[in-house]
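Biologist: I have a new protein in front of me and little practice with structures. Can you walk me through it?

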Amino acid sequence: PEESSPYIVSFSLKNVRGEGIVHYLESKDIIIGTGSACSAKKGLKRIPLALGLDKEYYDGMLRVSYDADINKNDLDIALNILNDAIKVERELHK
């Protein structure tokens, strides 16, 4: 924790393309990333491999950054839109 930011969360979703989630959220004016900020040119598998995740999670890495001023309402809205994005992405890639 001493060497990390409290304003960045990385997670991976099973059987989804993180890039698809990123584009969906971008269309809703929510900007997030895939992988880690320092690995854009190194490929997206570095983090899931380091975490020991199964292959189903490799393409689903997402990185969300936010600031200390985010409020609960904004967070609820963003999480609802993220949920929608996940549903759309999973439907597209059944």
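Modeller: We will take the features in turn, from confidence to surface.

Biologist: Let us begin with trust. What is the average pLDDT of the protein?

Modeller: This is a predicted model, and pLDDT is the predictor's confidence in each residue, from 0 to 100. Where that value is low, the coordinates should not be read in detail. Here the average is 87. At least 70 is reached by 89% of the residues.

Biologist: Which helix has the lowest mean pLDDT, and which the highest?

Modeller: Helix α2, residues 46-51, has the lowest mean among the elements, at 82. Helix α1, residues 18-27, has the highest, at 95.

Biologist: Now the layout. How many helices and strands are there?

Modeller: There are three helices and two strands. Along the sequence they follow the pattern β-α-α-β-α.

Biologist: And what share of the residues counts as buried?

Modeller: Buried means under 20% relative accessible area. Of the 94 residues, 28% count as buried.

Biologist: Next, charges. How many salt bridges does a search of the whole structure find?

Modeller: The general idea comes before the count. Side chains of opposite charge can pair when their charged atoms come close. The search finds two salt bridges in this structure.

Biologist: Where do the partners of arginine 17 and glutamate 89 sit along the chain?

Modeller: Arginine 17 is in the loop between β1 and α1, and glutamate 89 is in helix α3. They are 72 residues apart, so the pair links distant parts of the chain. Their side chains meet at 3.4 Å, N to O.

Biologist: Is glutamate 89 buried or exposed?

Modeller: Glutamate 89 counts as buried, because its relative accessibility is 4%. Its partner, arginine 17, is partly exposed at 38%.

Biologist: Now the other bridge. How far apart are the closest N and O atoms of lysine 72 and aspartate 76?

Modeller: The closest N and O atoms of lysine 72 and aspartate 76 are 2.8 Å apart. Both residues lie in helix α3. Four residues separate them, about one turn of the helix.

Biologist: Why does lysine 72 count as exposed?

Modeller: Exposed means over 50% relative accessible area. Lysine 72 has 60%, so it is exposed. Aspartate 76 has 32%, so it counts as partly exposed.

Biologist: On to the backbone. Which residues should I look at for an unusual sign of phi?

Modeller: Look for a positive phi in a residue that is not a glycine. Asparagine 15 is such a case, with a phi of about 55°. Aspartate 29 is another, at about 65°.

Biologist: Where do asparagine 15 and aspartate 29 lie?

Modeller: Asparagine 15 lies in the loop between β1 and α1. Aspartate 29 is in the loop between α1 and α2. Asparagine 15 is partly exposed, at 48%, whereas aspartate 29 is exposed, at 72%.

Biologist: I would like to see how separate stretches of chain come together. What separates the C-alpha atoms of valine 9 and leucine 62?

Modeller: Compare the spacing along the chain with the distance in space. Valine 9 and leucine 62 are 53 residues apart along the chain, and their C-alpha atoms are separated by 8.2 Å. Valine 9 lies in strand β1. Now try lysine 45 and aspartate 59: they are 14 residues apart, with 7.5 Å between C-alpha atoms. Lysine 45 sits in the loop between α1 and α2.

Biologist: Let us turn to pockets. How much space lies in the largest pocket?

Modeller: About 370 Å³ lies in the largest pocket. Of its 17 lining residues, the closest to the centre are Ile30, Ile32, Val64, Leu75 and Ala78.

Biologist: Which element gives the largest share of the lining?

Modeller: Helix α3 does, with six residues. β1, β2 and α3 each supply at least two.

Biologist: Last, the surface. Which residues form the nonpolar patch?

Modeller: Tyr7, Ile8, Val9, Tyr66, Ile70, Leu75 and Leu79 form the patch. Together they have about 560 Å² of accessible area. β1, residues 8-12, and α3, residues 72-92, each give two or more residues to the patch.

Biologist: Why does tyrosine 66 count as partly exposed?

Modeller: Its relative accessibility is 32%, so tyrosine 66 counts as partly exposed. Tyrosine 66 is found in the loop between β2 and α3.

Technical notes
Residues numbered from 1 in each chain as written. Predicted model: local features only at pLDDT ≥ 70, side-chain atom pairs only at ≥ 80, totals over all residues. Heavy atoms only, no water. Patch = residues over 30% accessible without salt bridge, like charges linked within 9 Å, V, L, I, M, F, W, Y side chains within 5 Å. Areas by Shrake-Rupley, 256 points an atom, 1.4 Å probe, with all protein chains shown as cover. Salt bridge = Lys/Arg side-chain N within 4 Å of Asp/Glu carboxyl O. Buried < 20%, exposed > 50% of the residue type's maximum accessible area, 1.4 Å probe, protein only. 1 Å grid on protein atoms, 1.4 Å probe; cavity = no way out; pocket = protein on both sides within 12 Å on 5 of 7 lines; lining within 4 Å. Points joined across faces, edges and corners; volume = space filled by probe spheres on them.
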